[in-house]
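Me: Please go through this structure with me, one question at a time.
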Amino acid sequence: MQPDELVALFDQQAPGYDPQWARTAAIRDCLYQLLDPLLSDLREDARVLCVGVGTGQELAHLATTFPHWQFVAPDPSGAMIDACRARAEAEGFAARCRFHHGFLDSLPPAAPFDAATCFLVSQFIVDRSRRVRFFADIAARLRPGGLLASSDLACDTASPAYAVLLPAWMRMMATAEVSPEALQRIREAYARDVAVLPPQDVAAILEAGGFDAPVPFFQAGLIHAWVSRTPA
Ligand SMILES: C[S@@+](CC[C@H](N)C(=O)[O-])C[C@H]1O[C@@H](n2cnc3c(N)ncnc32)[C@H](O)[C@@H]1O
């Protein structure tokens, strides 16, 4: 997908994004439960970059759990940023956030961040070298030894496991029966617009982007998550 197509897609998805992903709340809660202790060593007033913040799911969780952290939250979709800002205002943590409408490379320079999150974003960068550069751009904004928590859909799509996991994933996300035709459409869309790679390939991309030995700390269905650090 070209950047403008991606932005249009997420602008269009923004109003329905939270209801659509409501069915994965238990997965998110579990991911966050495992994430919190990995982040709890950060200083009390840590500065955290939430890349591809969307409607603010992980931002809202972190802002509530760590009440003195400051956040910078970029997203190229204006509708997503608007939804995120509205949530932050409604839930009372907007004063600790700076929202940025744009891709990461348009974010004004700032002091190095203590940590970054990047949940379900890099999978939309299909070109491997661009995906490496995307992580390198995050690494460049972290202090030495800075921490990145990231997640992506990951699976070996040529494996028999994918033939089992994808239909189960789609049924879990769907509110109605998933027809074989719908499943085929989703399979094609994933193959075209979403870089669902084997988990070890995603880890290799993180390393190529400048992160030391990514540690897989979570997996549920097609979602895999890693915690990585920039060199100390
Ligand atoms: C699936 S949503 C995930 C949102 C949020 N992180 C979450 O877990 O709910 C992906 C978000 O990443 C944004 N995005 C897509 N490509 C991006 C890129 N190259 N850089 C930054 N954000 C991007 C989209 O606009 C969208 O808001």
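The questions below cover the fold and some salt bridges.

This is a predicted model, in which local features need pLDDT of at least 70 and side-chain atom pairs pLDDT 80 or more, while totals for chains, interfaces and linings use all residues. Residues are numbered from 1 along each chain as its sequence is written, and side-chain values use heavy atoms, without hydrogens and water.

Me: Is the protein chain as compact as a globular protein of that length, or less compact, and what is its radius of gyration?
Reply: The radius is taken over C-alpha atoms, and the globule rule is 2.2 Å times the number of residues to the power 0.38. For 232 residues the rule gives 17 Å, and the chain is close to this, so it is as compact as a globular protein of that length, with a radius of gyration of 17 Å.

Me: Which residue forms a salt bridge with Glu 91?
Reply: A salt bridge is a side-chain nitrogen of Lys or Arg within 4 Å of a carboxyl oxygen of Asp or Glu. The partner lies four residues from Glu 91 in helix α4 (residues 78-91), about one turn of the helix; helices are DSSP runs of H or I, at least four residues, and strands are runs of E, at least two, numbered from the N terminus. The closest N and O atoms are 2.9 Å apart, and the partner is Arg 87.

Me: Are Asp 152 and Arg 131 buried or exposed?
Reply: Their side chains meet in a salt bridge (3.5 Å, N to O). Asp 152 is in strand β5 and Arg 131 in helix α5, so the pair ties together parts 21 residues apart in sequence. Buried means under 20% relative accessible area, exposed over 50%, partly exposed in between (1.4 Å probe, protein chains only). Both Asp 152 and Arg 131 are buried.
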